Amino acid sequence: MSDKILQIIPAPADMWAVFRTNKPGVFSRERVACLALIEGKDGHTGTAAMIHDGMAGFEPAWVDHAFVGIEYGEVQP
């Protein structure tokens with residue numbers, strides 16, 4: 001990510017990033033770790049829901065092309 005993170009705040013505990021899976025109509029959810037105020041290369045600012053990148057860092061949920069949106073609520077059994 002080449003954007004600059006200006007500030008981070010904790011995400012609500014029940015905030016989830018939703019992603020398409022390879023199975024039609026089936027989605028996966030990943031807990032949003034924090035919200036970030038970011039500044040793009042063009043100088044514009046915005047907010048991003050940040051998720052763990054699977055290695056040692058975090059990235060905006062929308063970086064993954066399977067990202068479809070944000071949901072609130074606890075995990076269903």
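The exercises below, each with a worked solution, concern a predicted model of one protein chain.

**Exercise 1. Describe the overall make-up of the protein chain: its elements, its extent and its surface.**

Begin with the secondary structure: the protein chain has zero helices and seven strands, and from the N terminus on its elements therefore read β-β-β-β-β-β-β under the DSSP assignment of helices and strands. Next take the extent, for which the C-alpha trace spans about 40 × 25 × 25 Å along its principal axes. Of the 77 residues, 29% are buried, and the accessible surface comes to about 5400 Å², with 57% of it belonging to carbon and sulfur atoms. Contacts complete the outline: among those between residues at least 6 apart in sequence, 52% join residues at least 24 apart. Finally, the mean positions of the 6 positive and 10 negative charges are 4 Å apart.

**Exercise 2. Work out the order of the sheet that contains β4, and follow the pairings of β4 on either side.**

Start from the general principle that strands of a sheet pair through backbone hydrogen bonds, either parallel or antiparallel. In this model, an open sheet of four strands has the order β1-β4-β5-β6, and its pairing is antiparallel. Its edge strands are β1 and β6 (58–60), each of which pairs on one side only, and the twist from one strand to the next averages 35°.

Now consider the pairing with β1, where strand β1 (residues 4–10) and β4 are joined in the antiparallel sense over six bridges. Within this pairing Lys4 stands opposite Glu39 of β4, while Ile9 has Leu35 of β4 as its bridge partner.

Then turn to β5 (residues 45–52), which pairs with β4 in the antiparallel sense, again over six bridges. Here Glu39 stands opposite Thr45 of β5. The hairpin of β4 and β5 has five residues between the strands, and in this hairpin Gly43 takes a positive phi near 90°.

**Exercise 3. Assign the residues of β4 to its two faces.**

The step needed first is that in a regular strand the side chains alternate between the two faces of the sheet. Applied to β4 (residues 34–39), the covered face consists of Cys34, Ala36 and Ile38, whereas Leu35, Leu37 and Glu39 make up the uncovered face. Two residues of the uncovered face have already appeared in the pairing with β1, namely Leu35 as the bridge partner of Ile9 and Glu39 opposite Lys4.

**Exercise 4. Describe the other sheet and its strand pairing.**

Three strands form this open sheet in the order β3-β2-β7, with antiparallel pairing. Its edge strands are β3 (27–31) and β7 (67–72), each pairing on one side only. Neighbouring strands of this sheet are turned by 30° against each other on average, direction ignored. Looking at one pairing in detail, β2 (residues 15–20) and β3 run in the antiparallel sense over five bridges, and Arg20 has Phe27 of β3 as its bridge partner.

**Exercise 5. Locate Asp14, decide whether it is buried, exposed or partly exposed, and list its contacts beyond its sequence neighbours.**

First, Asp14 lies in the loop between β1 and β2. Second, its relative accessible area is 28%, so Asp14 counts as partly exposed, given that this class lies between the cut-offs of 20% and 50%. Third, leaving aside neighbours within four places in sequence, Asp14 is in contact with Arg31, Glu71, Tyr72, Gly73 and Glu74. For one of these residues, Tyr72, the C-alpha atom is separated from that of Asp14 by 5.2 Å, although the two residues are 58 apart along the chain.

Definitions and conventions: Residues are numbered from 1 along each chain as its sequence is written. This is a predicted model: local features need pLDDT of at least 70, side-chain atom pairs count only at pLDDT 80 or more; totals for chains, interfaces and linings use all residues. Side-chain values use heavy atoms; hydrogens and water are left out. Two strands pair if DSSP finds at least two bridges between them. Axes are lines fitted to C-alpha atoms, for helices over the stretch in contact, and angles run from 0 to 180 degrees between N-to-C directions. Buried means under 20% relative accessible area, exposed over 50%, partly exposed in between (1.4 Å probe, protein chains only). Contact means heavy atoms within 4.5 Å. Accessible areas come from the Shrake-Rupley method with a 1.4 Å probe; for residues, only the protein chains shown count as cover. Lys and Arg count as positive and Asp and Glu as negative; His and the chain ends are not counted. The place of a charge is taken as NZ of Lys, CZ of Arg, CG of Asp or CD of Glu.
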